[in-house]
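User: I want to learn how to read strands and confidence in a model. Can we work through one together?

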Amino acid sequence: MKMKYDIPLHTLTKKELEILRYVHDNSALIQTMSIQQFAKNINYSTSTVLRFCRKLGFSGYPELKYYLKNKVTEGIAADSRQIDVTAYTKIKQNIITELEGTGGLLNSESLPAISEYLKKNTIIYLHEPSGITDIPIDYLASTLFIAGFRNIYKTVAKRTTSHLIQTARPGSVFIFISASGSFSDTLVLAKEAAMSGMTVISISSVESNELAEISNCSLRFFTKIRDNNGADLTSRLCIFFVISTMIEYLSSNVTADDQPRTINDRIQLIMPENSSPLSETELLICDYFNEKINMLAQLSVHDIASQLYVSPSSVVRFCQKAGFKGFNEFKFYLKSRNKIDSQSNSLWNVIQHNISIIKDVIETINEEEILNICRMIETCSSFYVYGRNMSSLPARYLHSFMTTIDIPCILIDWIDFLSSLSDSFNQDTLLIMFTNHGDSQTYSQILEKCHRQNVKVVWISSDEIDSELQNSRGIYITTNEGKLQDANLRTKLSSFVIVQLIVEMLIQNRFQ
């Protein structure tokens with residue numbers, strides 16, 4: 001970024017140099033940022049920001065934003081790798097449409113039937129066909145184990161799976177996943193299992209396919225088959241959604257009577273863990289919600305905001321303070337709390353709950369953060385992705401797509417290796433981390449080295465990230481992923497959604 005006036009760098013203080021670096025790395029993001037948010041992100045006061053702006057020759061922060069807006073607009077025409085911002089809205093809507101369609105497919109007899117097969121304490125075999133689909137298979141194996149199933153066996157080669165089919169006890173369950181439903185090796189094995197008297201369960205595309213036809217039970221999902229010169233580019237997000245929904249359905253024992261009956265009840269349950277009381281605006285929203293509780297499910301967040309003369313973000317923040325992911329999950333709570341508990345309604349609740357959470361993730365995620373992550377990926381000289389245990393799955397998912405769209409990327413799933421490697425990182429390095437927790441005890445030394453060497457860090461965590469580990473060059477996203485009922489399990493579904501948003505933007509930028 002070229003500054004408005006030619007200010008010698010040696011005249012800037014250490015604070016001002018840090019602010020200058022942040023402006024350089026986040027010029028597009030700053031255009032939509034208030035001075036209070038800017039100051040919070042760099043951990044300095046608003047007066048320090050104003051002094052910095054004036055030292056560069058600007059009258060204040062608004063003129064700096066105006067200058068950055070003009071410079072970024074000029075750069076768009078010159079940069080063939082510029083991210084297409086207008087495509088982001090369409091990508092979000094396509095993801096929601098596919099997930100809602102998949103939810104409609106799940107609300108049938110197949111999922112309850114699969115539940116009965118799996119609860120018979122039978123042996124369950126999961127076939128890994130090699131490729132991106134291995135990640136959903138690993139996700140299914142991990143979630144089944146944590147949900148209490150024990151006889152789970154993964155097979156990683158066609159010959160091994162064929163041998164197990166020949167020697168397995170009749171009635172054993174074999175689960176096959178295929179994005180197309182027509183992968184030849186998978187079809188051969190599924191047919192062999194069916195002819196040998198095994199129970200065949202499949203997860204495959206909604207398109208007519210042979211795998212679904214030969215299965216005892218089949219779960220279907222929406223997706224678009226695509227490739228890059230033969231390399232698989234097909235999204236598996238709906239497969240993760242199907243698996244997460246199935247596991248939550250198997251694990252869920254919550255009935256409508258277990259849920260708080262009013263918004264005040266809900267607030268009372270979570271407030272002891274909440275450090276800040278309700279503000280005047282939040283009290284106003286709370287009173288309105290209790291007064292109009294039977295109408296809220298039919299209103300949009302903008303309807304409520306206009307009636308109360310508050311911002312939509314204030315309504316969303318209140319819902320989050322009440323323990324929901326956002327307004328969509330809150331509306332799901334209202335719709336489901338008076339339903340008669342039954343097998344079909346329990347399944348409907350799980351499906352709609354997962355959809356509402358994903359919609360809240362997509363609607364509340366900071367668009368500029370996603371776009372900035374894409375810019376970092378396109379411009380960095382070295383790119384590393386880290387995740388271990390369950391967090392390794394979204395890390396592997398991102399790494400697989402980066403390889404497919406010709407972006408060099410190194411996957412790290414061992415924290416000691418990350419610690420050692422971080423010694424050699426430079427300022428053009430990008431590190432994307434997926435974790436369950438954002439605590440300083442585990443990652444402080446690694447982050448200190450990264451900050452010292454001006455490494456760009458993108459940290460996506462299920463829990464809040466310790467503010468002491470953050471700096472102005474990084475992007476820090478908390479997904480607030482909950483645990484399944486009666487299982488110490490982070491679904492990681494929100495992390496997969498964020499990965500898919502990043503991947504779709506990069507594909508749009510490179511191939512569309």
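User: What do strand 3, helix 10 and strand 4 make?

Analyst: Start with the model's status: it is predicted. Strand 3, helix 10 (residues 184–195) and strand 4 form a β-α-β unit, and the unit is right-handed.

User: In which sense do strand 3 and strand 4 pair, and over how many bridges?

Analyst: Read the direction, then the bridges. Strand 3, residues 173–178, pairs with strand 4 in the parallel sense. The pairing runs over six bridges. For the register, take Ile-175: opposite it, in strand 4, stands Ile-201.

User: How do strand 4 and strand 5 pair?

Analyst: Strand 5 covers residues 217–221 and pairs with strand 4 over five bridges, in the parallel sense. Here Ser-202 faces Ser-218 of strand 5 as its opposite residue.

User: Why is strand 4 described as largely enclosed by the rest of the structure?

Analyst: Check burial residue by residue. The cut-off for buried is under 20% relative accessible area. Strand 4 spans residues 199–205, and seven of the seven are buried, so the strand is largely enclosed by the rest of the structure.

User: Where in the chain is confidence lowest, and where is it highest?

Analyst: Take the average before the extremes. The chain's mean pLDDT is 81, and 84% of the residues score at least 70. Helix 13 (residues 263–270) is lowest, with a mean of 50, while helix 20 (residues 392–404) is highest, at 95.

User: How many contacts does the model have for residues 1–5 beyond four places in sequence?

Analyst: Read such contacts alongside the confidence. Residues 1–5 have 16 of them, with pLDDT under 50 throughout. Residues 484–488 are also below 50, and that stretch has 15 contacts beyond near neighbours in sequence.

Conventions. Residues are numbered from 1 along each chain as its sequence is written. This is a predicted model: local features need pLDDT of at least 70, side-chain atom pairs count only at pLDDT 80 or more; totals for chains, interfaces and linings use all residues. Side-chain values use heavy atoms; hydrogens and water are left out. Buried means under 20% relative accessible area, exposed over 50%, partly exposed in between (1.4 Å probe, protein chains only). Helices (H or I, at least four residues) and strands (E, at least two) are DSSP runs, numbered from the N terminus. Two strands pair if DSSP finds at least two bridges between them. A crossover is right-handed if, with the strands pointing away from the viewer, the path from the first strand over the helix to the second runs clockwise. pLDDT is the predictor's confidence in each residue, from 0 to 100. Contact means heavy atoms within 4.5 Å.
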